[in-house]
Amino acid sequence: SVPVAFLGGIAAAARQGIVVKGGNYLEMLAKADTFVFDKTGTLTEGVFEVLEVYAESLTESELLEITAHVENYSNHPIAQSLMNAYGGEYDASRVTQVEEQPGYGISARYEGKNIHIGNSRMAGLYGVEVDEIETEDTVIYVLVESEYGGYIVVGDRLKEDAKWTMRTLREKYHAVLVMLTGDSREAGNAVAKELHMDYAYTELMPEDKLEQMEEFMQCQYEAERVVCVGDGINDAPVLARADVGIAMGALGADAAIEAADIVLMEDELPKIVDAVSIAKETVRVVG
Ligand code: ADP
Ligand code: MG
């Protein structure tokens with residue numbers, strides 16, 4: 001049976017918009033020493049903005065028109081920013097054979113032409129040479145019929161409370177901080193550096209996130225209890241495997257919410273600190 005104090009802890013957490021799916025998760029959270037974060041949408045807003053457009057083989061407006069038409073079929077947070085930058089009319093009949101390629105981007109046919117839109121790994125997959133852009137933002141390449149069409153640079157922002165949350169977990173709770181992302185090395189490392197994360201793993205394929213986390217759990221002899229925090233479909237396996245999986249619930253994917261042990265009803269990182277504090281107090285009372 002569940003000790004009454006654990007029920008009290010679960011109730012206290014619920015009052016703060018923190019849904020805990022069992023008393024044992026409070027116990028594990030109280031002992032947690034390692035926190036693993038997804039980057040996009042968890043540490044950052046996940047709301048991208050187009051910063052630069054470069055058209056190589058077409059006009060800039062053609063590049064944006066093709067990109068927006070194809071991204072119209074994607075749920076990735078980058079897609080919305082690319083559609084905003086276009087702002088024109090859509091003709092759905094131009095787009096066929098849409099295929100999302102997790103970890104790469106999205107492919108489709110547009111007016112009968114093969115289009116691939118994604119990161120440098122996508123360009124590599126189709127053997128297309130593209131400009132290497134030095135930036136701490138995210139570069140999206142557009143390939144038209146296996147030719148370099150251009151690139152679009154998009155940027156995301158750190159969540160306002162990300163610095164405070166990481167600093168508090170590190171200084172008050174002596175946590176080891178880890179970041180996982182499918183984004184580029186430059187973009188990922190820039191975020192990790194700003195937040196003083198202890199470890200950062202970048203350019204991960206969706207399925208690599210779990211493997212990387214398991215490897216980390218094995219290598220780090222001091223990693224006693226591992227908490228993972230994420231929001232996306234790609235994060236569900238990691239949340240399920242962690243000792244304590246925390247989903248950012250407000251905007252999170254259903255799969256992440258389901259896989260998690262704790263769900264934050266608001267998209268607020270400081271709630272993680274609140275959860276740890278409630279967990280420690282609950283365990284202290286139980287004795
Ligand atoms: P994460 O959410 O961890 O950053 P993802 O696996 O969702 O990683 O995406 C990895 C990378 O793949 C993105 O940073 C982006 O470069 C590319 N990508 C994914 N989906 C799209 C899309 N719809 N359009 C363009 N690029 C995409
Ligand atoms: Mg994410």
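**Reading contacts, faces and domains in a predicted model**

User: Which residues is K39 in contact with, leaving aside its neighbours within four places in sequence?

Analyst: Leaving those neighbours aside, K39 is in contact with T44, M179, T181, D183, G188 and V191. Keep in mind that this is a predicted model.

User: What separates the C-alpha atoms of K39 and D183, in space and along the chain?

Analyst: The two C-alpha atoms are separated by 8.4 Å, while K39 and D183 are 144 residues apart along the chain.

User: In which helix is K39 found, and does K39 count as buried or exposed?

Analyst: Burial is read from a neighbour count: a residue is buried if 20 or more other C-beta atoms lie within 10 Å of its own, and exposed if 12 or fewer do. K39 is found in helix α3. K39 has 26 C-beta neighbours inside 10 Å, so K39 counts as buried.

User: How does K21 read by that count, buried or exposed?

Analyst: K21 has 12 C-beta neighbours inside 10 Å and therefore counts as exposed. K21 is found in the loop between β1 (18-20) and α2 (23-30). Residues up to four places away in sequence not counted, K21 touches D261 and I262. K21 and A192 are 171 residues apart in sequence and 30 Å apart in space, C-alpha to C-alpha.

User: Now a whole helix. Which residues of α8 are buried, and where do they fall when seen down the axis?

Analyst: The buried residues in α8 are A187, G188, V191 and A192. Seen down the axis of α8, they fall within an arc of 130°, so they line one face of the helix. The face turned away from this buried side carries the exposed residues R185 and K193. What covers the buried residues of α8 includes α3, β7, β9 and β10.

User: Which residue with a positive phi follows α8?

Analyst: Most residues other than glycine have a negative phi. H196 follows α8, and its phi is positive, near 55°. H196 has its place in the loop between α8 and β10 (199-201). With 11 other C-beta atoms within 10 Å, H196 is exposed.

User: What is the phi of Q97, and in which strand is Q97 found?

Analyst: Phi of Q97 is near 50°, a positive value in a residue other than glycine. Q97 is found in strand β4 (residues 95-101). Q97 counts as exposed because it has 10 C-beta neighbours inside 10 Å.

User: How far apart are the end C-alpha atoms of helix α9, and what should its residues span?

Analyst: The check compares an expected span with the distance in the model. At 1.5 Å a residue, the 14 residues of α9 (residues 206-219) should span 20 Å; the end C-alpha atoms are 21 Å apart, which agrees.

User: Which residues of α9 are buried, and which are exposed on the other side?

Analyst: K209, L210 and M213 are buried in α9. Seen down the axis of α9, these buried residues fall within an arc of 90°, so they line one face of the helix. On the other side of α9, E207, E215, Q218 and C219 are exposed. The cover over the buried residues of α9 includes β2 (34-38), β9 (176-180), β11 (226-230) and α10 (236-241).

User: Into which domains is the protein divided, and how many residues does each give to the contact?

Analyst: The protein is divided into domain 1 (4-45 + 159-286) and domain 2 (49-155). Their centres, taken over C-alpha atoms, are separated by 32 Å. The contact takes eleven residues from domain 1 and eight residues from domain 2. On the side of domain 1 that touches domain 2, α3 and α8 (185-194) each supply at least two residues. α8 gives the most to that side, with three residues. By class, that side of domain 1 has four nonpolar, five polar and two charged residues.

User: How many residues surround ligand 1, and which are the closest?

Analyst: Ligand 1 is surrounded by 24 residues, of which the closest are S74, H76, G105, N119 and G182. The elements giving two or more residues to this shell are α3 (39-43), α5 (77-86), β5 (105-110), β6 (113-118) and β7 (138-144). The shell residues divide into eight nonpolar, twelve polar and four charged.

User: Which domains give at least three residues to the shell around ligand 1?

Analyst: The shell draws at least three residues from each of domain 1 and domain 2.

Terms used. Residues are numbered from 1 along each chain as its sequence is written. Chains are lettered from A and ligands numbered from 1 in the order in which they are written. This is a predicted model: local features need pLDDT of at least 70, side-chain atom pairs count only at pLDDT 80 or more; totals for chains, interfaces and linings use all residues. A residue is near a molecule or strand if its C-beta atom, placed from the backbone, lies within 6 Å of it. Helices (H or I, at least four residues) and strands (E, at least two) are DSSP runs, numbered from the N terminus. Ala, Val, Leu, Ile, Met, Phe, Trp, Tyr, Cys and Pro count as nonpolar, Asp, Glu, Lys and Arg as charged, and the others, Gly among them, as polar. Domain bounds come from an automatic or database domain assignment. The expected span of a helix is 1.5 Å times one less than its number of residues. The arc is that of the directions from the helix axis to the C-beta atoms. Two residues are in contact if their C-beta atoms, placed from the backbone, lie within 7 Å.
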